[in-house]
Amino acid sequence: MAVMDYLTTRKDDLVGWVRKFSLFPYPFVTACCGMEFMSVSSTLYDTDRFGAALPRFTPRQSDLLMVVGTVSHKQAQVIRKIYDQMCEPKWVMAFGACATSGGFYRNYAVVQGVDKVIPVDIYVPGCPPRPEMVIDAIMMLQDRIANDKHPILPSEQPPPERS
Amino acid sequence: MPTFYEAIVDRLGPRCLRTWDSHGMLVLDIDASQLLVVVEALKADFGCALFLDVTAVDYPARQPRFDVVYHFLAPAQMQRVRLKLQVDEHAAEVPTLTGLFGSARYMEREVHDMYGIRFAGNADLRPILLYEGFEGHPLRKDYAMEHEQPIVPYRT
Amino acid sequence: MQYRPPVSSPLAQPLDPSHVVVNIGPSHPATHGTIQIVAEIDGESVVRADVHCGYLHRGFEKEAEHHTYHNIIPYTDRLNYCSAMNNNFAYAAAVETALGIEITPRCKWLRTLLAEYNRIADHCTCVAASAMEMGGMTAFLYLMTVRDYIFEHMNHLSGARLTYSYVRIGGLARDLPDGWLTRLEEILQFTENYLERVHGMLDRNRIFIGRTRDVAAMTPEHALHWGYTGPILRSTGLRVDLRKDNPYLAYPDLDFEVPVGIKGDNYDRYYVRMREIDESIHMVRQCMAQLPEGPINVDDPRIVLPEKELVYTRIESLIHHFKLVMDGVQVPAGEVYSAHEGPNGELGFYLVSDGTGRPYKLHVRSPSFVHMGGMHTLLEGHQVSDIVPTFGSMNMVGGECDR
């Protein structure tokens, strides 16, 4: 019925608004981009204004996995396990050139982009990216979350599994 | 009054194959069998209390293939000494320095990981920068740089 | 997917059935993201600890064998990324020693100034991170603000906030822009102001003292046996500093003290770093006052890239530019080991050259890697909650440890 569709979209808008302004990042910090992550969380470029300030250093309680820095093959198992431990809904941000595509390390030790191991929602290029770029990425992700469908009612289909 | 380097060459020169100066640093070229004696003498008599580094260089066209290079620092005189020895690829074994210097543990593990040179007496030669299941030794000249060995299967 | 630990640990079999084996890391906020500590615990105290590194191994040495000397400069930035210029300068010094050239006086003083400036940033990061991990969020935010101003200032100089790639073989990328030194003085005053606040918050704080005093204490012999250098060795009481004992760059002409600790515990390491920031500020001011005029780069067309306007108008400059970019700086065959005093300790580069434009072998003697080798001795016998302050005071930087 049209009324049900209208109510579902309003529900999606509300849930999207709530979810986008209360992101709990899990900063999976490995390398130099971690310094920029520290800068972007601090006072000059604040992520707290976007609701994305409080890092939860456990995958069980976080919904945004920020892969900050280079992922090596030794670390890839760890990141896959952490991604699997997170509950839906979850998003992944590839922070920096190394997480996006391996950066300028094209050798035996580095995974050429973390999207070879986990699905990524938003890529932030830069080596390391400026804090403003990270904030831009968070805002883009928030737009995507706001416009997304959020099937939380029992009558709705759950979203397809991304592996 | 001999200088620090002259004293070392006087005392340990007979045990070395060659000694020379490299940009102001004394280099001793020794045989692997003399390693422990020379290092003990450097530590006990010449004050080389800080073991800085061990690494290896690969010359695949040469026999013996590897050059194992040690660096020591004497903090009191602030002078450094380099030790070099040559190791064959098929008998790639060198005595360990873990009995004299604790810092040798990790550095020897790294050389083993990267080049495949064993350190006799170091019981802990697990991979340190790489992981178990990695085949080959990356810093050898015949290991292709882009040859990756992923553990996690790639998606798509 | 079945998770298997990448490197097995002998601690998988505990000594006593009542002991618990706990895994800390590698994804842990306080292990700076890349160290795994497997600890065997009896109640709250650590009986044995096994430190695993290598989760950020990025193949620096293998990459260096395939790139020209100038192309390696961005890779050196990412070693100790908190103070990228120190790595740049140590690497350039190794290549310049192998080439046998002497840099210009202005370059020497400018490199000293920037090395000390970066040391301030590195020590600020270390103190901020360790304070935050013990709960002192305010100190973290103060020092991050200081560091951000330093980053923006370095951005004005070199174009990047964190990984500058500012050095060139035989000189620097470009000279100082206008107004840079005035802003530098403002930032130094700002830093001193904020450091006073951090001193006020942490120095006599009962909780901070309780968590750091007499924890992980080391004697100088222990430190030398396990290969510690830098502020950690100085906190044990041994006055070993390459800037005083083996001076390089402009350090012979600078007047500074080397702060030394007493007991070698976490508190001493924190305090030595804070005093070193003060000494670095003093050194930066001296460098600003004594900076000579003159060219930045050595006047040798086989090493230094020519000016762009010359490349476009003169054929010799075009040829030099082409050869330098395609073939690299031709370094005579030989080997050299050159060490600088990085913020973590002795940062050494061992370069073996075969006469071409690419190194035959480039090895980094990284202080953090050696410090991790001895860290298990500092954890055993202490409590689980001491692992975090001890680890923070080591200033393990992942890029430098694993290369």
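**Chain contacts and the shared nonpolar core**

In this predicted model, chain A meets chain B through 11 residues of chain A and 12 residues of chain B. On the side of chain A that touches chain B, 3 residues are nonpolar, 4 are polar and 4 are charged.

Chain A also touches chain C, and here the contact involves 32 residues from chain A and 30 residues from chain C. On the side of chain C, the elements that supply two or more residues are α1 (60-65), α5 (137-158) and α16 (398-402). Of these, α5(C) gives the largest share, with 5 residues. As for the character of this side of chain C, 14 of its residues are nonpolar, 10 are polar and 6 are charged.

Turning to the interior, the largest nonpolar core holds 214 residues. The members that touch the most other members come from chain A, namely A:Val67, A:Ile79, A:Met93 and A:Phe95, and from chain C, namely C:Val95, C:Ala128 and C:Leu143. Helix α4 of chain C, spanning residues 105-133, provides the largest share of this core, 16 residues. Two domains of chain C each contribute at least three residues to the core: domain 1 (10-52) and domain 2 (60-300 + 327-402).

A:Met93, one of the core members with the most contacts to other members, offers a convenient place to look at the surroundings within chain A. Once neighbours within four places in sequence are set aside, A:Met93 is in contact with A:Leu64, A:Met66 and A:Val67, with A:Asp121, A:Ile122 and A:Val124, and with A:Ala137 and A:Leu141. One of these partners, A:Val67, is itself listed among the core residues that touch the most other members.

The fold of chain A is pleasantly regular to read. Its 5 helices and 4 strands follow one another from the N terminus as α-β-α-β-α-β-α-β-α. Contacts between residues distant in sequence are a marked feature of chain A: among contacts linking residues at least 6 apart, 79% join residues at least 24 apart. Of the 163 residues in this chain, 45% count as buried.

The overall dimensions of chain A complete the picture. Along the principal axes, its C-alpha atoms fill a box of roughly 55 × 35 × 25 Å. The radius of gyration is 17 Å, which agrees with the value near 15 Å that a compact globule of 163 residues would have.

Methods: Residues are numbered from 1 along each chain as its sequence is written. Chains are lettered from A and ligands numbered from 1 in the order in which they are written. This is a predicted model: local features need pLDDT of at least 70, side-chain atom pairs count only at pLDDT 80 or more; totals for chains, interfaces and linings use all residues. Two residues are in contact if their C-beta atoms, placed from the backbone, lie within 7 Å. Ala, Val, Leu, Ile, Met, Phe, Trp, Tyr, Cys and Pro count as nonpolar, Asp, Glu, Lys and Arg as charged, and the others, Gly among them, as polar. A nonpolar core is a set of buried Ala, Val, Leu, Ile, Met, Phe, Trp, Tyr and Cys residues joined through C-beta atoms within 7 Å. A residue is buried if 20 or more other C-beta atoms lie within 10 Å of its own, exposed if 12 or fewer, and partly exposed in between; C-beta atoms are placed from the backbone. Domain bounds come from an automatic or database domain assignment. The radius of gyration is taken over C-alpha atoms; the globule rule is 2.2 Å times the number of residues to the power 0.38.
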